Amino acid sequence: MGVSAFMTQPARASAPMPIMDLVDVQGIRNNQLVGYGLVVGLDGTGDRNQVKFTSQSITNMLRQFGVQIGDKTDPKLKNVASVSVTAYVTPMAGPGQELNIVVSSIGDAKSLRGGTLLMTPLRGIDGEVYAVAQGNVVVGGVQAEGRSGSKITINTPTTGRIPNGATLEREIPSDFNDKPTITLNLRKPSFTTAKNIARVINVTFGPDVATAINKGRVEMRAPRNTQQRVTFMSMLEDLAVVEGRKPARVVFNSRTGTVVVGKNVQVSEAAVSHGSLTVTISERQQVSQPNAFGEGETTVVNDSTVDISQDKAQMYIWPEGTELNTIVNAVNSLGATPDDLMSILQGLHEAGALNAELVVI
């Protein structure tokens, strides 16, 4: 079986890319919210009696509505499940905006299908409440169980979503408009990319507007006026730069046998031979039958055959500066598998003949 490699087009001059596709603006980011809530209305698939905090939560909630429940009373509930509620707040979202939320079971509920999330406050990392969630849970999984104990589960019935299930009650503060400078963080740090970004901004807006601090950060002087700053960022979105050279990498996925080789990978002159040792053991049983007048007994005799063979592997020489196409074609001509390719490239790397970083995932 031949080796398949994921290849890009042959090396050529890189096309300019929009700046905002290469950077993140410091101060403009998603924020996470989390909360603890109760899903009710389940058809007997809720938490069982051993999940004590579910019954405690129900008791506390009913007391807030004026229902008197004794301290030693343990309500036996099958239609309620304790859940965690998570949400992402988009950058600079304002009060009143709706958020999608994910509801996940905490206890031993079998399914959240058909349940309704009761009003749940969602808190940020600082412990403050920023949103409130409530609504009907949409579950993509299902579970069926028979009386004998056999069951089948499709997807995950203990996790669901509520589209637009939360409402943002207060804005998460951001210092984007307060700082005299705007910082651009490169998603793929590169000195060349940082230099190109600073140069294009200075050509467009004037000298000394942008400064490349290091390979991962560019700082810009920006207007203090809010409207002017928005216009400045709008113009920045229209600028494009040439990205710096990407590092040469070879990525191995040992679980799936996938090998991804970047287009910049090259090898120095090297000779490669890759063979395999095969051990074959066959077991046969024979019946030993004595003659009619003998006094022996009929017995079964084991007959084992052990054979060791080693495949003949050709020595292949890769010349100096060999690129991806040649490497893949050579490995395919040898009839190597993805595991063989991993071994060959690792050997080349150890020999100092591979100019790429090996990444194992």
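This passage describes the predicted model of the protein, from its overall make-up to selected residues and contacts.

The secondary structure of the protein comprises five helices and 22 strands. Of the 361 residues in the protein, 32% are buried. Contacts between residues at least 6 apart in sequence were also examined, and 70% of them join residues at least 24 apart.

The largest nonpolar core contains 25 residues. Within this core, the residues with the most contacts are Leu99, Ile101, Val103, Leu117 and Leu122. Two or more core residues come from each of β3 (31–40), β4 (81–89), β5 (98–105), β6 (116–123), β7 (129–136) and β11 (159–168). The largest share, five residues, is given by β4. A second core, separate from this one, has 23 residues, among them Ala222, Phe232, Leu236 and Val241. In soluble globular proteins, nonpolar side chains tend to be buried together.

Ile101 illustrates the surroundings of a residue in the largest core. With residues up to four places away in sequence not counted, Ile101 touches Val85, Thr86 and Ala87. The contacts of Ile101 also include Leu117, Leu122 and Ala133. Further along the sequence, Ile101 touches Gly160, Arg161, Ile162, Gly165 and Ala166.

Several of the strands that contribute to the largest core are also linked by pairing. Strands β6 and β7 run antiparallel and are joined by six bridges. One of the bridge partnerships is that of Pro121 with Val132 in β7. The two strands β6 and β7 form a hairpin, with five residues between them. In the turn of this hairpin, Gly127 has a positive phi of about 85 degrees. Strand β7 also pairs with β11, in the antiparallel sense and over three bridges. Here Ala133 stands opposite Ala166 in β11. Both Ala133 and Ala166 are among the residues touched by Ile101.

A second hairpin connects β13 to β14 through two residues. Strand β13 covers residues 210–214 and strand β14 covers residues 217–221. The two strands pair in the antiparallel sense over four bridges, and the bridge partner of Thr211 is Glu219 in β14.

Asn214 lies in strand β13. The relative accessible area of Asn214 is 33%, so this residue is classed as partly exposed. A polar atom of the Asn214 side chain lies 2.9 Å from the backbone nitrogen of Gly216. The side chain of Asn214 also reaches the backbone nitrogen of Arg217, at 3.0 Å. Leaving aside neighbours within four places in sequence, Asn214 is in contact with Phe191 and Ala194. Between Asn214 and Pro189 there are 8.6 Å in space, C-alpha to C-alpha, and the two are 25 residues apart in sequence.

The model contains one aromatic pair. The pair consists of Phe205 and Phe232, whose ring centres are 4.6 Å apart. The ring planes stand at 45 degrees to each other, and the pair is tilted. Phe205 belongs to helix α2 (residues 191–205), whereas Phe232 belongs to helix α3 (residues 226–237). The pair thus links distant parts of the chain, 27 residues apart. The two rings belong to residues in separate burial classes: Phe205 has a relative accessible area of 23% and is therefore partly exposed, while Phe232, at 7%, is buried. Phe232 is also one of the residues of the second core. Another ring, that of Phe176, has Arg229 over its face, at 5.7 Å from the ring centre.

Ser57 lies in helix α1, which spans residues 52–64. The relative accessibility of Ser57 is 17%, and the residue therefore counts as buried. The side chains of Ser57 and Tyr36 are joined by a polar contact of 2.8 Å. Apart from neighbours within four places in sequence, Ser57 is in contact with Tyr36 and Leu38.

Key
Residues numbered from 1 in each chain as written. Predicted model: local features only at pLDDT ≥ 70, side-chain atom pairs only at ≥ 80, totals over all residues. Heavy atoms only, no water. Buried < 20%, exposed > 50% of the residue type's maximum accessible area, 1.4 Å probe, protein only. Polar contact = N/O pair within 3.5 Å; in protein donor to acceptor, adjacent residues only side chain to side chain. Contact = heavy atoms within 4.5 Å. Pairing = 2+ DSSP bridges. Core = buried A, V, L, I, M, F, W, Y, C linked by side-chain atoms within 4.5 Å. Phe/Tyr/Trp six-rings, centres within 6.5 Å; stacked < 30°, edge-to-face > 60°. Lys NZ or Arg CZ within 6 Å of the ring centre and 35° of its normal.
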